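Me: I should like to go through the terms applied to this predicted model. Please set each value against its criterion.

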Amino acid sequence: MSAHAEDELPNTADLEWCHEAVDGVSRTFALTVDVLEEPMSSYICVGYLVCRIADTIEDAEVIDPEDQVRLLRLYDRALDPDDDTEVGEFVDAVGPYVPDDAGEEWAVVTEAERVVRTFDALPVDVREAVTPPARELVQGMAMFVERYADVGGLRIQSREELEEYCYYAAGTVGNLITNLVTRGDVDGDRVDRLYDTAEEFGLLLQLVNISKDVYDDYEAENNVYLPADWLEGEGVPQDEVTADEHATATARVVRRTTAHARTFLDDAQTYLETVPTTDGNTLAAWAIPFLLAVGTLRELAAEPEAAVTAQGVKVSRQEVFAVVSAMTGGSGRASLSDLREAISSRPFHRTGAAPE
């Protein structure tokens, strides 16, 4: 990444494109960006896209693992402020692998120069907050792809390796967010409490995604995140994780994964109760994905078998709307425990506590 002689504001058209791109690649994360205020909304938006580029490469089954590793390491060098590698070199290298029917996530990859140009125009302290955890995410993804290069897809072996993967995929993002929200004058004890729980906040969200997306992760991306030793204990070969004859046994492993995810709920809530709401940051931005994760855990507990079929597991649009309405309508930190308890028992829009 080139050095910067001076800072300037991002080009308006580039910034608008980045916001539209987030809407296209992740409706869930777009909710977070939409309820943040400026400038944090743009900081998080662009930081997310910087990370999403690597995520698309890691998930691309159409790319040979050795080439995935090469591309991820090239991208990492392009993000390194002390390296002369330009992001255009990464774009040129990835070009031959872009599918003909590429979706919006690939549009972000092919527009990596635009994403990085927009990122480069952000204030120095913002770039310094985002770059280390973003690079750690990229390096971790390269490491995991290389680890399972002979298989052609990730095959998590144990709970310890599952947590290691979740750290690189999402714990790093928790640290990225925390770096951004603690740039100002924040009490030292508060900063310590945030960093003590930031990774757990990320791990909660990632474990919920892993639990609910077993079918899609394997069928679309050839990745199995349910630990091999847990599956073996239920008599399920890892490469038959979505087979009909193993549905009940695999569902028991999904139930075990969701139980592990629940162990991070308290720390994630502590993070929310501590996070500063300055520089455009809002409680709603992070409470919404937390509460939707609580709802998803409820649905997984009720029907874990759905996670290993094309049906999948998710909360309804009505519940999403009710949670967003509650958090953007004035619900504060004091409400988090009550909201969490209500949502853990039944869909929020049916509790009687949700806004009409």
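Me: Why are helices α10 and α13 called roughly antiparallel?
Reply: Helix α10 (residues 188–212) and helix α13 (residues 247–262) pack at an angle of about 170 degrees, their axes being 9 Å apart. Angles over 145 degrees count as roughly antiparallel, and the pair is therefore given that description. The residues that meet include Leu-204 and Leu-207 in α10, and Val-254 and Thr-257 in α13. By class, this contact has 6 nonpolar, 4 polar and no charged residues.

Me: Why does Thr-85 count as buried?
Reply: Buried means under 20% relative accessible area; Thr-85 has 10% and therefore counts as buried. Thr-85 is placed in the loop between α4 (65–79) and α5 (87–94).

Me: What makes the pair Thr-85 and Asp-83 a polar contact?
Reply: The side chains of Thr-85 and Asp-83 are joined at 2.6 Å, and the criterion asks for N or O atoms within 3.5 Å, one able to donate a hydrogen and the other to accept it.

Me: Asn-222 and Asp-279 each have a phi near 60 degrees. Which of the classes buried, partly exposed and exposed applies to each?
Reply: Asn-222, in the loop between α11 (214–221) and α12 (228–233), has a relative accessible area of 13% and is therefore buried, the limit being under 20%. Asp-279, in the loop between α14 (265–274) and α15 (283–302), has 33% and is therefore partly exposed, since exposed means over 50%.

Me: Why is a positive phi remarked upon in such residues?
Reply: Because most residues other than glycine have a negative phi.

Definitions and conventions
Residues are numbered from 1 along each chain as its sequence is written. This is a predicted model: local features need pLDDT of at least 70, side-chain atom pairs count only at pLDDT 80 or more; totals for chains, interfaces and linings use all residues. Side-chain values use heavy atoms; hydrogens and water are left out. Axes are lines fitted to C-alpha atoms, for helices over the stretch in contact, and angles run from 0 to 180 degrees between N-to-C directions. Helices (H or I, at least four residues) and strands (E, at least two) are DSSP runs, numbered from the N terminus. Angles under 35 degrees count as roughly parallel, over 145 as roughly antiparallel, 65 to 115 as roughly perpendicular and the rest as oblique. Contact means heavy atoms within 4.5 Å. Ala, Val, Leu, Ile, Met, Phe, Trp, Tyr, Cys and Pro count as nonpolar, Asp, Glu, Lys and Arg as charged, and the others, Gly among them, as polar. Buried means under 20% relative accessible area, exposed over 50%, partly exposed in between (1.4 Å probe, protein chains only).
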